[in-house]
Amino acid sequence: MNTQASTIYVAGWNELVDSLRDLPARMLAKLPESSRSDPQVQQEIVRLALSAVASQTIDALAADGDHPTFTPSINNFLTIGQPNADTSYRGAQIAAGGVYRLRGRKGSLKMVRIAQSGPARPAANGEPALGPQRIDHDLNALQTDAEGYYDVILSVERPAGYIGDWWPLLPTSNRLLVRLVSSDWEKEISPTLSIE
């Protein structure tokens, strides 16, 4: 038996595991008492807890604004937030004030929206705090080439001399959230999304 492995301490790991140990019980405690002992409700709470842990794990692993990637966010399996059967979401962490290029094939979904968001604005000078500012962009409004490919720059200011598609980026935006809505997942084609 290797006793050396049990003496190695990795900062934060035990605390993370300990905080997850009673997560379903803490979630159940927020429900009316009549629901807490229902086996179906208990299993749904466990599934929701797993979805939340998986979602936060994906975000933690992919959270690099200098090298963003679109990862699954909310869908039929990661059922956090407000899932919808006809909608799938992908998210990418970006660096505030960065310049990004999105490219790919547009596909045929009726609705593909890319929202940007940043931190909430704290209360100041007697005014209340505000939620994060958001701007919403429509992928279907972009120009495409003969093969259906799009190419768009996101930046605070349009690059000098750039004549292609451009979307303004709020200076505080630190996340992009893609909303993919379909009415026929079998026949419609989802877009490809690359970001650099």
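Colleague: Which strand supplies the largest share of the lining of the largest cavity?

Modeller: That's β2, with three residues. Before we go on, keep in mind that this is a predicted model.

Colleague: Okay. How many cavities of 30 Å³ or more does the structure hold?

Modeller: Let's start with the general idea: rolling a probe the size of a water molecule over the atoms shows where empty space is left. In this case there is one cavity of 30 Å³ or more, and the volume of the largest cavity is about 40 Å³.

Colleague: Which residues line the largest cavity?

Modeller: Go through them with the structure open: Asp59, Ala62, Ala63, Thr69, Thr71, Gly91, Ala92, Gln93 and Arg175. Helpfully, you can also sort them by element, since α5 (39-62) and β2 (87-93) each give at least two residues to that lining. By class, the lining has three nonpolar, four polar and two charged residues.

Colleague: Let's pick Arg175. Is it buried or exposed?

Modeller: Arg175 counts as buried because its relative accessibility is 16%, and the cut-off for buried is under 20%. You'll find Arg175 in strand β8 (residues 175-181). Setting aside neighbours within four places in sequence, its contacts include Asp59, Gly91, Ala92 and Gln93. Those four residues are also among the ones lining the largest cavity.

Colleague: And Leu177: where is it, and what is its relative accessible area?

Modeller: Leu177 is in strand β8 too. It has a relative accessible area of 29%, so it is partly exposed. Now look across at Arg90: Leu177 and Arg90 are 87 residues apart in sequence, yet 5.8 Å apart in space, C-alpha to C-alpha. Leu177 also touches Arg90, and among its other contacts beyond four places in sequence are Tyr89, Gly91, Ile114 and Ala115.

Colleague: Now the sheets. What is the order of strands in the open sheet of five?

Modeller: Here's the idea to carry with you: strands of a sheet pair through backbone hydrogen bonds, either parallel or antiparallel. In this sheet the order is β1-β2-β8-β4-β5, and the pairing is antiparallel. Its edge strands, β1 (71-72) and β5 (134-138), each pair on one side only. Zoom in on β4 and β8: they run antiparallel and are joined by seven bridges. One pair to click on is Gln116 with its bridge partner in β8, Leu176.

Colleague: What is the order of the open sheet of four strands, and what pairing does it have?

Modeller: That one reads β7-β6-β3-β9, with mixed pairing. The edge strands here are β7 (165-168) and β9 (194-195), each pairing on one side only. For a parallel example, take β6 (residues 149-155) and β7, which pair over four bridges. Ile153 has Trp166 as its bridge partner in β7.

Colleague: Last topic: cores. Which residues have the most contacts inside the largest nonpolar core?

Modeller: In soluble globular proteins, nonpolar side chains tend to be buried together. The largest nonpolar core here has 20 residues, and those with the most contacts inside it are Phe70, Leu102, Leu154 and Trp167. The elements giving two or more residues to this core are β3 (100-105), β4 (111-117), β6 and β8. Apart from it lies another core, of six residues, including Leu28, Val41, Ile45 and Ala49.

Colleague: What does Phe70 touch, not counting residues up to four places away in sequence?

Modeller: Try selecting these: Arg90, Gly91, Ala92, Leu102, Leu176, Val178, Leu193 and Ile195.

Notes. Residues are numbered from 1 along each chain as its sequence is written. This is a predicted model: local features need pLDDT of at least 70, side-chain atom pairs count only at pLDDT 80 or more; totals for chains, interfaces and linings use all residues. Side-chain values use heavy atoms; hydrogens and water are left out. Two strands pair if DSSP finds at least two bridges between them. On a 1 Å grid over the protein atoms alone, a cavity is a set of points where a 1.4 Å probe fits but cannot get out, and a pocket is an open set with protein on both sides within 12 Å along at least five of seven lines; lining residues have an atom within 4 Å of a point. Grid points are joined across faces, edges and corners, and a volume is the space filled by probe spheres set on the points. Ala, Val, Leu, Ile, Met, Phe, Trp, Tyr, Cys and Pro count as nonpolar, Asp, Glu, Lys and Arg as charged, and the others, Gly among them, as polar. Buried means under 20% relative accessible area, exposed over 50%, partly exposed in between (1.4 Å probe, protein chains only). Contact means heavy atoms within 4.5 Å. A nonpolar core is a set of buried Ala, Val, Leu, Ile, Met, Phe, Trp, Tyr and Cys residues joined through side-chain atoms within 4.5 Å.
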